[in-house]
Amino acid sequence: MKCYLSKMLPRLNELSSKVSDKHRFHQITFQALALFGLVLAGVLGWPSLHLEWLALLDIAALSFFAAEPYKWTASVAVIAGACAGTFYAGSPSGSSTDMLRLLGFSFATLMVAKLLQRAGQTSTQQQDQLAERTACMEMLENLRPSLAWALLPSRRPEFVNQATKDYTGIQTAASLSDCLAVIHPDDVPLYLEHLNQVAAASQSCEVEFRVRHHDSRYRWMLCRTYPMRDRYGMLLRWVSISRDIQDRKLAESTLRKQEEEYRRIVDFVPACISVANAQGELVYANKVTVAHLGRLAEQIIGKGWMDSLHPDSLPIAQREWAASIRTKQPLDVTLLSKQFDGEYRWQRLTAVPLLDEKGEVMNWYMLGVDIHELVKAQEALEMSKHELTKIVETLPLGIWCTSADGQPTYLNQRLREHTGTTLEKSKDWYWLQNVHPEDREATAAAFMYAINTGTSYLMIHRLRIADGSFHWYEQRGEPLRDTNGQIKRWYGIAIDVDERVRTEERLRETRAKLARATRVATVAELSASIAHELNQPLTSVIANGQAARRWLGATPPNVKAATKSIEMILRDGRAADNTMQNIRALFKRESIRKSGTRVAEMVREAVRLVHEDSQRKNTSIECTFPERLPMVLVDRIQIQQILINLICNGIEAAENVGRRAQLRISAQSCVEGRLLIEVVDNGPGLADLNSIFDAFVTSKAKGMGIGLAISRSIAQAHGGHLWAENLPGGGACFKLTLPTT
C-alpha cells in the first residue's frame, strides 16, 4: 500500500505542475500579442492606411490567440472593441482625433479582455484543483482497507475513507478535534508534532500512536503522512495513511522482554560477553566485562578494550583480530588482560561472525573466559612434566614403555646409553638379540605370557651392554588399563643387578663357609654351656671330697664328718647327673618334667651350693619369704640353675667394683597364678638392660655371655619371664616370674 501511495502522489503532483505551466504560458503569450497588436495599430495608423484594416488585423490576432473555449469571452470583447474603433475612425472629424480615439478604444478593449482572462484563469484553476482533489480521493479510496484521511493546511479534515470510519466508528469528521478524539490522549501531542515535522521537512514521515477502535480499545497504528504541494511549494494538504501494528507492537514488546531477559542473563553470565560491528569495533559489553576490566563502558566501546591488554599480547590481538575481520573467520586467541585490581590475568577470547544472506558480516559476537588458573595449572603441569621427564631420563635405572601388543614406544636415556641401543633398533622384538643366548628363550616366553595374560612381568636375565659385555638385569613390567579394564600400554623398569647377583654368589660361598664354621662354633658353645652348668655341682663335689679327706686324715679320724661329706659328694654327683640329663633333654627338644616345688627350699638349696664355694663363703645373702607362699610348677634343677647364675652374677658384680657382695632374695605373689622372685645385688648396675640377655654378650672380663641367655630360655620354657631393672640407689634387680600350681 505504501508503494502504491508513493507512486500515485508523484503522478498527482506532476499533473498539477503541467496544468499550472500551461496556464502561465497562455497568459504571457496572450498579453504579449495583445500589446503587439495595439502598438502595430498605432504605428501603422497613418492616413494612407484605412483604419478598417487595422481593426481587422487586431481582431484577427487577438482571436487567433484566444482560440481555447474558456477564452471566447475575451475574444468577443476584443472584436467588439475593434469594430467600435473602426466605426469611429471612419467619421469626418479628422485623422488626429480619430487616431486618439482608436488608441483609447483599443486600450479599453485590452483591459476588458485582461479582466475577462483573469476570470477565466480563476475558473480554470478551480477546475484543475477539483481534478486534483478527485484524483487524490480516488487514490485514497483505492488504498482501502488502510485508514486514510486528508487534512487541509488549516488542519480541517478534507477526506476520511470508509475504512477509517468503520475502524473508529465515527462517520463524520468536521474538524481536527473530531480526528484527534480517536487518538490516545497521550499520543495527541506526538501526532501534532508529526504534522509540523512533515510540513517543515517537505517529505513524508512516519509516527506510531494509538487509535481507539470502535470497541473502545486502543490499538497501535503506524501512520505515514505525505505533504502535497503546488509547483510554488505551497502546502495543499496532508495525506495520512495508517495501518494496524498492534500485533507487531505486542511482538516487539515480547521481544523486548525477551531481549531484556537475555540481556540480564548475558550480564550475569560469569564471562565477558561483547558485540562488535562488521569493522571490529565494540558496540556492546556486558556488566561482567565492565567489572573485570574496571573501566567505564564508554571507555571499552570501540577499540578501547585493547588498551587493557598486556603490551606483549596487544600485537597478537591486533594481528589476529584484523586477520579474522579480513577473512571472516572465527577468532580464538589467548591474551593477558589487566583486571580491575591491576593484575594481569589470562583470558581466552573467541569471536564468531553473524553473516547475512550475501555472506557479509553483520556483527561479531565475542566471548572472553578467564583461564588464568587453567594456564597456571598447564604451566605447572608442563613444568612437572619437564621435571618428570628429567627424573625419568636421569634415574639410575632403565625405564621402558611398550604398546598393548609389546612393541617398544619409549626408552629412557639411561637405558639407551647403558645398553647402546635405540628405540628404532628395539622394535619388532629386535631387543631380544641383546639378551644372552642362554636366557633368550625363557625371557621371550615370560614376556609373551605377560602380554597375553595381562599379569605382571618379572624376569632376571643377562643383557648385552654398550661395551659388549653381559650384565644381569632385573626386568619388571606392569600394564596400564583403561576404565573398561583393557590394557593400553605397558610400563617397566630395567635394574642393573649384576653387582647384586655376583654379590649373592659370593654370599652363597660365604654362607657355605660360615655353615662349616657354625658347626664348629656350635660344638664349642655346647661345650661352654655344659661346663657352665656343671661348674657348680662339680665345685661342690671337689669341696666335699677335700673335706672328707681332711676328716679321715685327722687323728683320730672323724668318720662321722667324713661320712657326711661323702654323702654330700654323692648328692652333688646326682645333681651333676641331673644337670647333664637336662642339657641332653634341652638339645633333644624333650618336654620338661615339671612338679610342684616350694620356692623357699629351692632358693636355700641354690644358696647352699653357692656358699660351698670356698671363695664365696663370706658373701652376705639375705633371704626373705612370707608364709604360705604357693608352690610353683617347675623343673627344680633348671630353676635352681637360674638362681645360682643370678646369685653368682650378683657376687661378681660387687667384687668387680671392690665391694663386699651383699644380696637379697625375696619372693611374693604378684598376680593370680604367678609368683615373683627378686634377686637384688649391690653392684654398679647394668649398662644395657636388654642386650645382656643376648647370647655371647657379657660385662665380665672372663665371661662367655651365655648364662643369662640360657636362663631366660629356661624361664620362657616354664611359662615365666626373666628381666632386669636398675635400682635408684645403685645395684641391679633381676626379677623372675613362675607359674604356680
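Arg217 and Asp215 form a salt bridge, with their closest N and O atoms 2.8 Å apart. The model is predicted. Arg217 is exposed, at 54% relative accessible area. Asp215 is partly exposed, at 33%.

## Salt bridges

The count of salt bridges comes to 25. Three of the pairs are set out below.

| Pair | N to O distance | Relative accessibility of each residue |
|---|---|---|
| Arg217 and Asp215 | 2.8 Å | Arg217 54%, Asp215 33% |
| Asp370 and Arg345 | 2.8 Å | Asp370 33%, Arg345 16% |
| Lys735 and Glu725 | 3.2 Å | Lys735 16%, Glu725 32% |

Take Asp370 and Arg345, whose side chains meet in a salt bridge at 2.8 Å, N to O. Asp370 belongs to strand β10 and Arg345 to strand β9, so the pair ties together parts that are 25 residues apart in sequence. The cover differs across this pair. Arg345 has 16% relative accessibility and counts as buried because the limit is under 20%. Asp370, at 33%, counts as partly exposed.

Next come Lys735 and Glu725, whose side chains meet at 3.2 Å, N to O. This pair links distant parts of the chain, ten residues apart. Lys735 sits in strand β22 (residues 732-739), and Glu725 sits in strand β21 (residues 721-726). Lys735 is buried, with a relative accessible area of 16%. Glu725 is partly exposed, at 32%.

Salt bridges also chain together through shared partners. Glu208, Arg248, Lys249 and Glu252 are joined in this way into one network.

## The five-stranded sheet

Five strands make an open sheet in the order β2-β1-β5-β4-β3, with antiparallel pairing. Strands β2 (157-160) and β3 (205-212) stand at the edges. Each has a single partner strand, so one side of each is left without a neighbour in the sheet. From one strand to the next, the twist averages 25°. Strands of a sheet pair through backbone hydrogen bonds.

How many bridges join β3 to β4? There are eight, and the two strands run antiparallel. One of the residues involved is Glu208, whose bridge partner in β4 is Leu222. Glu208 is also a member of the salt-bridge network. The two strands form a hairpin with five residues between them. In its turn, Ser216 has a positive phi of about 75°.

Strand β4 (residues 218-229) also pairs with β5 (residues 235-244). This pairing is antiparallel and runs over nine bridges. Met228 has Arg237 of β5 as its bridge partner. Arg224 is matched with Ile241, also in β5. The hairpin of β4 and β5 has five residues between the strands, and Gly233 takes a positive phi near 90°.

Is β4 mostly covered or mostly uncovered? Nine of its twelve residues are buried, which leaves the strand mostly covered. Helix α8 (residues 246-268) lies across β3, β4 and β5. Its direction is at about 120° to β4.

## A nonpolar surface patch

Val352, Leu354, Met362 and Tyr365 make a nonpolar surface patch of about 350 Å². Two elements give two or more residues to the nonpolar patch: β9 (344-355) and β10 (361-370). Strands β9 and β10 also hold Arg345 and Asp370, respectively, of the salt bridge described above.

Tyr365 lies in strand β10. How accessible is Tyr365? Its relative accessible area is 39%, and Tyr365 is partly exposed. Patch residues must have over 30% relative accessible area, so Tyr365 clears that cut-off.

## The chain as a whole

The chain has 20 helices and 22 strands. Of its 741 residues, 38% count as buried. Its exposed area is about 42,800 Å², with carbon and sulfur atoms supplying 57% of that area. Consider contacts between residues at least 6 apart in sequence: 54% of them join residues at least 24 apart.

Conventions. Residues are numbered from 1 along each chain as its sequence is written. This is a predicted model: local features need pLDDT of at least 70, side-chain atom pairs count only at pLDDT 80 or more; totals for chains, interfaces and linings use all residues. Side-chain values use heavy atoms; hydrogens and water are left out. Two strands pair if DSSP finds at least two bridges between them. Helices (H or I, at least four residues) and strands (E, at least two) are DSSP runs, numbered from the N terminus. Axes are lines fitted to C-alpha atoms, for helices over the stretch in contact, and angles run from 0 to 180 degrees between N-to-C directions. Contact means heavy atoms within 4.5 Å. Patches are made of residues with over 30% relative accessible area and no salt bridge: like charges are joined within 9 Å, nonpolar side chains (Val, Leu, Ile, Met, Phe, Trp, Tyr) within 5 Å. Accessible areas come from the Shrake-Rupley method with a 1.4 Å probe; for residues, only the protein chains shown count as cover. A salt bridge is a side-chain nitrogen of Lys or Arg within 4 Å of a carboxyl oxygen of Asp or Glu. Buried means under 20% relative accessible area, exposed over 50%, partly exposed in between (1.4 Å probe, protein chains only).
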